[in-house]
Amino acid sequence: MAADKRVRFKSWWLPWALVAPQLAVVGVFFFWPAAQTLYSSVLQQDAFGSSTQFVGLENFRSLFADESYLASFKTTAVFSLLVAVIGLSAALLLAVMADRVVRGAAIYKTLLIWPYAVAPAVAGVLWLFMFAPSIGIVSYWIRALGVDWNPLLNGTHAMVLIVLAAVWKQISYNFLFFLAGMQSIPKSLIEAAAIDGAGPWRRFWTVQFPLLTPTSFFLLVINMIYAFFETFAIVDSATHGGPGKDTAILVYKIYYDGFKALDLGGSAAQSVVLMAIVIALTVVQFRYVEKRVNY
């Protein structure tokens, strides 16, 4: 009979004391701001917050009657899907290549994780300079191919720019987890598949990739949250939501309406809607996508 390794506390208060610091951090930096946002979403406030009026669900009704806000849903969906799919696919490809490198592996892996140390705002400015229509080196090559590249005037070009910047910023994080997952797979399984006659492609899809599904599922959730929240600085520094509103994702529109248009109640309502969307997506992923994960 296996020994019971569960920890038993002699005092009822000791477990609560151990988790109290973490609970305090979560309460102060998540639950309290979330409660404040919920409260502000049912109020109409002036620009300085000196006078408030309870309006119930009027802020939410105004949101869903606003065509520009509804258009930001489509923009966010396209952006987040592209960031997640391209980012995970590219990182998995790089991890497979890095796992096979023998000479200079440490240098190769170090260079691949450098982008994660770059701040999102710096990443946005960096890619904006590379793709600037007048001075960008990449835009020069694109124009040499006959494409009239201008992310400042073309909404599709601007979307490509922020997607590439967001993927580049996150690819190191994804790469590290994929590489760690691949190196944790027993080599005996891969060698057995090779002895059975499976080629490299077949070994990857039938042996390695199924064992990477827990890592892939975790990264899918993280990348969706990253695309919805952490890409604000990239959008703000690269396109400012433009041209027009073509790259105004939901998190950027919250900032613009709250801090520039000074619609405090409306921006709070947008925050509540965005929070509900992310929670719903996370629940769907854990409810349906996780069924395909092999633990």
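How many positive and negative side chains does the protein chain have, and how far apart do the centres of the two sets lie? In this predicted model, the protein chain has 20 positive side chains (Lys and Arg) and 15 negative ones (Asp and Glu), with His and the chain ends not counted, and the centres of the two sets lie 13 Å apart, each charge being placed at NZ of Lys, CZ of Arg, CG of Asp or CD of Glu. Residues are numbered from 1 along each chain as its sequence is written, and side-chain values use heavy atoms, without hydrogens and water. Local features need pLDDT of at least 70 and side-chain atom pairs count only at pLDDT 80 or more, whereas totals for chains, interfaces and linings use all residues.

The secondary structure comprises 13 helices and 2 strands, which are DSSP runs numbered from the N terminus (helices H or I, at least four residues; strands E, at least two). Of the 295 residues in the protein chain, 38% are buried, that is, under 20% relative accessible area with a 1.4 Å probe, protein chains only.

The largest nonpolar core, a set of buried Ala, Val, Leu, Ile, Met, Phe, Trp, Tyr and Cys residues joined through side-chain atoms within 4.5 Å, has 36 residues, of which Phe-79, Val-83, Phe-131 and Leu-274 touch the most other members. Its largest share, 7 residues, comes from α7, while α13 is one of the helices that each supply at least two.

Leu-274 is also among the buried residues of α13, and these residues pack against several elements, including α1, α3 and α10, where contact means heavy atoms within 4.5 Å.

Conventions
Buried < 20%, exposed > 50% of the residue type's maximum accessible area, 1.4 Å probe, protein only.
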